[in-house]
Amino acid sequence: MAKQGPRFMPPRRSVFVEKDKINPTIAWESYSASPDSQSRSENPIIVLHGFLGCREEMRPISEILARELKRDVYLLDLRNHGASGTKWRHDYLQLALDVQGFTRDHELENVTLVGTQMGAKTAMTLALYNQDIVSNIVAIDSSPAWKELPTCYTRWLDAYKQVLKMRLEKISWAARVMFYWDSEKELRTFLKRNLELKPDHPFVRPRIPQNILWQARDAMAEFPFKPHELNKFHGPALFLRSRNSYYIPGSEGEDAISQFFPTSHIKDLDYEGIHMATTAPEQVAQAAVEFLRNPLEYLVENQQVQPVGGKDLAWQV
């Protein structure tokens, strides 16, 4: 038998290695399926935000998922974002291992992963890395294709650097600097969330480690797995795509999805832009709910899988 090659892609970049290799503290919050109940629901949902985002931006989607599906929903701040800890290494395998550690620490099994952009690629990575804990995934405007970050993220990181250099004393002043770099009204709250003014420091600072995230730009374009027979997630997967999607670029994105996620469906939503989860949360959440009520039936209806043997629980691609 021929020797099988490695499952992972060789990195194109230098990789920061932690001396202690301890996962950072992960900040989180949750929505309960039944607020009055002390028991936890089966098949919990973990929701993951995008690059330069935080769990706050995913609250509207999470509230709808918890209410409509009657399932516990956990929102996480990924490493180097929000209130979570800081580590030099920032790539999809490390992000996925952080989420895996969270499921272990909180004794979560058969989880659904819902993520946007960076969070979606983290969900895909964990689904391929450890299929024992992941039941299904919903990826919002993302694919396993290698795709550089849009230039707006570089612009925003530059803006946060300027805020740090200017030694501003009020959040409102720093927000004006951010808005100068990007004046889109719908993104103002998104950008402002990363600014903070603490009592122990006289000036506004970004709460994200922009130096680490600047170094992670190339890593965020990559995907840690290469096409391989072992690198397939056979659980149900839904990919939500915006019009003229930057992250699911035509046949390239579709081919990458089918290679790694053979039992998946791509659903096109009537939205144009790169922040669908933030600016159209109801549309995204309803599409996810429709899929998550019964993922296999959803795939059958969309002709992605076929039932085998009548009512038996067997399926084929």
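A salt bridge here is a side-chain nitrogen of Lys or Arg within 4 Å of a carboxyl oxygen of Asp or Glu. By that rule, Glu29, Arg55, Arg59 and Asp77 are linked in a network of salt bridges. Keep in mind that this is a predicted model.

Let's start with the strands. S3 covers residues 73-76, and it pairs with two others. Strand S1 (residues 28-31) meets S3 in the antiparallel sense over four bridges, with tryptophan 28 opposite leucine 76. Strand S2 (residues 45-48) runs parallel to S3, also joined to it by four bridges; here isoleucine 45 has valine 73 as its bridge partner. Between S2 and S3 the chain passes through helix H1 (residues 59-69), making a right-handed β-α-β crossover.

Now look at the side chains of S3. In a regular strand, side chains alternate between the two faces of the sheet. Val73 and Leu75 point one way, Tyr74 and Leu76 the other, and all are buried.

Back to the charged pairs: the structure holds 14 salt bridges. One of them joins glutamate 68 and arginine 293 at 3.3 Å, N to O. Glutamate 68 sits in helix H1 and arginine 293 in the loop between helices H11 and H12, so this pair ties together parts that are 225 residues apart in sequence. Glutamate 68 is partly exposed at 28% relative accessible area, while arginine 293, at 52%, counts as exposed.

Aspartate 98 and arginine 79 form another salt bridge, at 2.6 Å. It links helix H2 (residues 92-105) with the loop between S3 and H2, across 19 residues, and both aspartate 98 and arginine 79 are buried.

Definitions and conventions. Residues numbered from 1 in each chain as written. Predicted model: local features only at pLDDT ≥ 70, side-chain atom pairs only at ≥ 80, totals over all residues. Heavy atoms only, no water. Buried < 20%, exposed > 50% of the residue type's maximum accessible area, 1.4 Å probe, protein only. Pairing = 2+ DSSP bridges. Right-handed = clockwise from strand over helix to strand, strands pointing away.
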